[in-house]
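This report is written for a reader who is new to the structure shown below. Please keep the sequence and the three-dimensional view at hand while reading.

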Amino acid sequence: MGIWTDAFLAPAEPRLSPVDSFGRLLVDLGRDRIVRMPWTLIAGQFDVNTTLLWSGGVIAEVAGRVQGLPVGTLLRSGADDWVTDAPRSEPAPWGCPAEHGRVLASGDAVLDVLPALAQAPYGNLDIAVVFESLDFDNPALLRHFWRADHRTAVVCYALARPQPRVRHADTLTGSPGGPTHDVQVCLVYTFKQGDQEACPAIDAVVRRHLGPGLIHGRTWH
């Protein structure tokens, strides 16, 4: 038992990074041992508020797979209804999001994401790159999150249009609503145990590419 947290980091102003800049962020997440491979690149229509695990959303379907999904796999929210009892009448993250997407590429080497990203419909469709988990071989992550837990997931979004991300949400006891922050490029990671403040090691990599003054928020579920 326990409460899972989805934390996000995003610039203060919503903007779509150039595709090469977004690619460098992904590469540095691997090189700095923030994420574990493999990665999966998907494109479609996503809700940035969807929870990363067990939500019935597209991102959760990718993140929850032990084995990667084949290139070309079509995904839609609610395809595996048994994983969630979230009401469809409520907005994400309280309800099941309406999403669809297609797996464009996957790989075990982080540099391979660059040519895949260059062929993606960047800026025309929502893009998400899902990594297997946080990399707990990194001592800085292990200190912050207290113990290794490879059930974690990490996703980088590059959305076709800005979306309002809920700043602080409790899907267990809270009601839908509350302050939001518009995001277009952001990083979301999930964890069960650890410091609720932004992880300095993750924050440092994201600031390197998205600039200072990052907004940090979280969803409990």
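In this predicted model, the sulfur of Cys-199 lies 14 Å from the closest cysteine sulfur, which belongs to Cys-156, and this is too far for a bond. A disulfide requires the two sulfur atoms to be within 2.5 Å. By this rule the model has zero disulfides. Cys-186 is likewise in no disulfide, since its nearest cysteine sulfur, again that of Cys-156, is 8.1 Å away. Are these cysteines buried or exposed? Cys-186 counts as buried, at 1% relative accessibility, and Cys-199 is also buried, with a relative accessible area of 1%.

**Overall architecture**

The secondary structure of the protein chain consists of five helices and nine strands. Read from the N terminus, the elements follow the order β-α-β-α-β-β-α-β-α-β-β-β-α-β. The chain has a radius of gyration of 16 Å, close to the 17 Å that the globule rule gives for 221 residues, so it is as compact as a globular protein of that length. Its C-alpha trace spans about 40 × 40 × 35 Å along the principal axes.

Of the 221 residues, 54% count as buried. The accessible surface amounts to about 9800 Å², and carbon and sulfur atoms contribute 52% of that area. Among contacts between residues at least 6 apart in sequence, 78% join residues at least 24 apart. One pair distant in sequence is Ala-109 and Gly-30: they are 79 residues apart along the chain, yet their C-alpha atoms are 8.7 Å apart in space. Ala-109 belongs to the loop between β4 (100-107) and α3 (113-118), and it is partly exposed, with a relative accessible area of 33%.

**The sheet and its helices**

The nine strands form an open sheet with mixed pairing, in the order β3-β4-β2-β5-β6-β8-β1-β9-β7. Its edge strands are β3 (74-76) and β7 (168-170), each of which pairs on one side only. From one strand to the next, the twist averages 30°.

Helix α1 (residues 19-31) packs on this sheet and touches β2 (35-45), β5, β6 and β8; its direction makes about 140° with that of β6. Helix α5 (residues 200-210) also packs on the sheet, where it touches β1 (5-10), β5 and β8, and its direction makes about 150° with that of β8.

Which residues of α5 are buried? They are Ala-201, Ile-202, Asp-203, Val-205, Val-206, His-209 and Leu-210. The cover over these buried residues includes β1, α1, β5, α4 (139-145) and β8. Just after α5, Gly-211 takes a positive phi of about 95°.

**Strand β6 and its partners**

Why is strand β6 described as largely enclosed by the rest of the structure? The strand covers residues 154-166, and 10 of its 13 residues are buried, so the surrounding structure largely encloses it. Strand β5 (residues 126-134) pairs with β6 in the antiparallel sense over five bridges. In that pairing, Ala-128 has Tyr-157 of β6 as its bridge partner. Strand β8 (residues 180-191) runs antiparallel to β6 and is joined to it by nine bridges. Here, the bridge partner of Arg-165 is His-181 in β8. As a general point, the side chains of a regular strand alternate between the two faces of the sheet.

**Notable backbone geometry**

Several backbone features deserve separate mention. The table lists two cis peptide bonds and the location of the proline in each.

| Cis peptide bond | Omega | Place of the proline |
|---|---|---|
| Met-37 to Pro-38 | about 10° | Pro-38 in strand β2 |
| Ala-92 to Pro-93 | near 10° | Pro-93 in the loop between β3 and β4 |

Positive phi values also occur in residues other than glycine. Arg-33 has a phi near 55° and is found in the loop between α1 and β2. With 38% relative accessibility, Arg-33 counts as partly exposed. Trp-146 has a positive phi of about 75° although it is not a glycine. Trp-146 lies in the loop between α4 and β6 and, at 56% relative accessibility, counts as exposed.

Key:
Residues are numbered from 1 along each chain as its sequence is written. This is a predicted model: local features need pLDDT of at least 70, side-chain atom pairs count only at pLDDT 80 or more; totals for chains, interfaces and linings use all residues. Side-chain values use heavy atoms; hydrogens and water are left out. Buried means under 20% relative accessible area, exposed over 50%, partly exposed in between (1.4 Å probe, protein chains only). Helices (H or I, at least four residues) and strands (E, at least two) are DSSP runs, numbered from the N terminus. Two strands pair if DSSP finds at least two bridges between them. The radius of gyration is taken over C-alpha atoms; the globule rule is 2.2 Å times the number of residues to the power 0.38. Contact means heavy atoms within 4.5 Å. Accessible areas come from the Shrake-Rupley method with a 1.4 Å probe; for residues, only the protein chains shown count as cover. Axes are lines fitted to C-alpha atoms, for helices over the stretch in contact, and angles run from 0 to 180 degrees between N-to-C directions.
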